[in-house]
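Please look over the structure shown here before reading the notes that follow. They are arranged by topic and meant to be read with the coordinates open.

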Amino acid sequence: QVHVVESGGGLVQAGGSLTLSCLASGSTFIKYYGMGWFRQAPGKEREFVAAISRNGIRTYYEDFVKGRFTISRDITKNTVYLQMNSLKPEDTAVYYCATGSSPGELDILYTRNAYDYWGQGTQVTVSS
């Protein structure tokens, strides 16, 4: 059973930065998994933020974070990071990390249904 744990959330002022981390453990097959970040604000649906291929080379971002957020991956540590810069109050949400099996090294998992394992989430609050 794969276990996913996020960390790094907190309170930050608008314009500030935070880095989220996500550790996936419990399987030797994690190296074959794509990883991604989603977020859910109060009263809203969970939405896709960014994803990275299983080899860490290819990335994809939702438009509202392009140029501000960077996803990266340390394959040796089964860890994915989300560097968040120029944060806005509308970025306030619970951020979830997810992982799922990926057929190809460069494949990106875009949808919630593509992910098999989810963390409990970490709260990010951006004050104005």
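The briefing below covers the disulfide, the nonpolar cores, two individual residues, the salt bridges and the aromatic pairs.

This is a predicted model, and a search of the whole structure finds one disulfide in it. The largest nonpolar core has 28 residues, while a second, separate core is made of seven. The salt bridges come to four, and the aromatic pairs to eight.

**Disulfide**

- The disulfide runs between Cys22 and Cys97, with an S to S distance of 2.0 Å, and it is left-handed, with -80° about the S-S bond.
- Distant parts of the chain are linked by this pair, since Cys22 belongs to strand β3 (residues 18–25) and Cys97 to strand β9 (residues 93–101), 75 residues apart.
- Both Cys22 and Cys97 are buried.

**Nonpolar cores**

- Within the largest nonpolar core, which has 28 residues, the members that touch the most others are Trp37, Leu82, Met84 and Tyr95.
- Two or more residues of this core come from each of β3, β4 (33–40), β5 (47–52), β7 (69–74), β8 (79–84), β9 and β11 (122–127), and the strand that gives the most is β3, with four residues.
- Once neighbours within four places in sequence are left aside, the contacts of Met84 are Gly16, Ser17, Leu18, Leu20, Arg68, Phe69, Tyr95 and Val124.
- The second core, separate from the one above and seven residues in size, includes Phe38, Phe48, Leu109 and Tyr115.

**Thr122 and Lys88**

- Thr122 is placed in strand β11, and because its relative accessibility is 10%, below the 20% limit, it counts as buried.
- From its side chain, Thr122 reaches the backbone nitrogen of Gly9 at 3.2 Å, and Gly9 is also among the residues in contact with Thr122 when neighbours within four places in sequence are left aside, a list that further includes Glu6, Leu20, Ala93 and Tyr95.
- Lys88 sits in the loop between β8 and β9 and is partly exposed, with a relative accessible area of 35%.
- Residues up to four places away in sequence not being counted, Lys88 touches Arg68 and Val126.
- Lys88 and Val12 are 76 residues apart in sequence, whereas in space their C-alpha atoms are 9.4 Å apart.

**Salt bridges**

- Arg39 takes part in a salt bridge with Glu47, at 2.8 Å from N to O, and in another with Asp91, where the closest N and O atoms are 2.9 Å apart.
- Because Arg39 lies in strand β4 and Asp91 in the loop between β8 and β9, their pairing ties together parts of the chain that are 52 residues apart in sequence.
- Arg39 is buried, with a relative accessible area of 6%, and Asp91 likewise counts as buried, at 1% relative accessibility, whereas Glu47 is partly exposed, with a relative accessible area of 32%.
- A further salt bridge is formed by Asp63 and Lys66, whose closest N and O atoms are 3.1 Å apart; Asp63 is exposed, with a relative accessible area of 55%, and Lys66 counts as partly exposed at 46% relative accessibility.
- Through shared partners, salt bridges join Arg39, Glu47, Arg68 and Asp91 into one network.

**Aromatic pairs**

- Among the eight aromatic pairs, that of Tyr33 and Tyr117 is stacked, with 6.2 Å from centre to centre and 15° between the planes.
- This pair links distant parts of the chain, Tyr33 being in strand β4 and Tyr117 in strand β10 (residues 117–118), 84 residues apart; Tyr33 is buried, with a relative accessible area of 11%, whereas Tyr117 counts as partly exposed at 22% relative accessibility.
- The ring centres of Phe38 and Phe48 are 5.6 Å apart and their planes stand at 80°, so this pair is edge-to-face; it connects strand β4, which holds Phe38, with strand β5, which holds Phe48, the two residues being ten residues apart.
- Phe38 is buried, with a relative accessible area of 1%, and Phe48 is buried too, with a relative accessible area of 9%.
- One aromatic cluster is formed by Phe38, Phe48, Tyr60, Tyr110, Tyr115 and Trp118, and of these Phe38, Phe48 and Tyr115 also appear in the second nonpolar core.

Methods:
Residues numbered from 1 in each chain as written. Predicted model: local features only at pLDDT ≥ 70, side-chain atom pairs only at ≥ 80, totals over all residues. Heavy atoms only, no water. Disulfide = S-S within 2.5 Å. Buried < 20%, exposed > 50% of the residue type's maximum accessible area, 1.4 Å probe, protein only. Core = buried A, V, L, I, M, F, W, Y, C linked by side-chain atoms within 4.5 Å. Contact = heavy atoms within 4.5 Å. Polar contact = N/O pair within 3.5 Å; in protein donor to acceptor, adjacent residues only side chain to side chain. Salt bridge = Lys/Arg side-chain N within 4 Å of Asp/Glu carboxyl O. Phe/Tyr/Trp six-rings, centres within 6.5 Å; stacked < 30°, edge-to-face > 60°.
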